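Here's a quick tour of one sheet and a few residues worth finding on screen. Have the structure open while you read.

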Amino acid sequence: MHVLRDRMPARPVMSRAAALLLVVLAAASVLGCGSPATDGAPRASITAPAPASSTSAASPTVTPLATSTLVSTPTPTAGPTATLPVIAPPPPPPPTPAAAAPRPAPETHTVGMVGVAFGADLTIEAGSTVVWVNRDPVDHDISALDSSWSSPVVRPGESFQRRFDQPGVFRYVCTLHTLVMQSTLTVR
Ligand SMILES: [Cu+2]
């Protein structure tokens, strides 16, 4: 380059076309050999395209690496994921309490014997208990018409209770006042 710059001012007669041709040839020679030139101007123009091309070349290189990394990652993940369901299946058994829920719990029902009467008929759940309370000033008793169960004499202020575990319909009476003290107990 030093040689070229020295020559150019030394030959003012040279045509502009020839001078341009020399400059182009000089630039081409610098590009070709890459010799360490001292002047910065042409060097900068030569250096600029190199990093641009290296950058564009680096971009496609990085992209396939990232893609291969993404593809390879799900493959090892699928292994442990498939293994977990195999360990998980065991626990499915507890729906039994739901079937027991609809049935009402056994209760205790009170029937007052008042005015020489048992009052209205009564329906209870199996396992429930019925308590007959004598609120009259006279004696009473409670006796099933089918003779399956009966009470002793219940004096005023006393009570009799019985638990009914089996479903059924029981007509019962007070044997001391049969004509007026009758009722029906339904166990379901
Ligand atoms: Cu009675």
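**Loop residues, a sheet and its edges**

S147 sits in the loop that runs between β4 and β5 (159-164). Keep in mind that this is a predicted model. From that loop, we'll go to a second one and then into the sheet.

**Two loop residues with positive phi**

- As background, most residues other than glycine have a negative phi.
- S147 goes the other way: its phi is near 65 degrees, a positive value in a residue that isn't glycine.
- S147 counts as exposed because it has 7 other C-beta atoms within 10 Å, and the cut-off for exposed is 12 or fewer.
- V116 also has a positive phi, near 55 degrees, and is likewise a residue other than glycine.
- You'll find V116 in the loop between β1 (108-113) and β2.
- With 14 other C-beta atoms within 10 Å, V116 is partly exposed.

**The four-stranded sheet**

- In what order do the 4 strands of the open sheet run? The order is β2-β7-β6-β4, and the pairing is mixed.
- β2 (122-124) and β4 (143-144) are at the edges with a single partner strand each, so one side of each has no neighbour in the sheet.
- In general, strands of a sheet pair through backbone hydrogen bonds, in either a parallel or an antiparallel way.

**Who pairs with whom**

- β6 (residues 168-173) and β7 (residues 182-187) run antiparallel to each other, with 6 bridges between them.
- Two of the residue pairs to look for here are G168, whose bridge partner in β7 is V187, and F170, whose bridge partner in β7 is L185.
- β4 and β6 are an antiparallel pair too, joined over 2 bridges.
- For a landmark in that pairing, look at S143, which stands opposite V173 in β6.

**A closer look at T123**

- T123 belongs to strand β2, one of the strands at the sheet's edges.
- Is T123 buried or exposed? T123 is exposed: it has 12 other C-beta atoms within 10 Å, and 12 or fewer is what puts a residue in that class.
- Which residues does T123 touch, leaving out those up to four places away in sequence? They are T186 and R188.
- T123 and T186 are 63 residues apart along the chain, yet their C-alpha atoms are separated by 4.6 Å.
- T186 falls within the stretch 182-187 that makes up β7, and β7 comes right after β2 in the sheet order.

Definitions and conventions:
Residues numbered from 1 in each chain as written. Predicted model: local features only at pLDDT ≥ 70, side-chain atom pairs only at ≥ 80, totals over all residues. Pairing = 2+ DSSP bridges. Buried ≥ 20, exposed ≤ 12 C-beta atoms within 10 Å, placed from the backbone. Contact = placed C-beta atoms within 7 Å.
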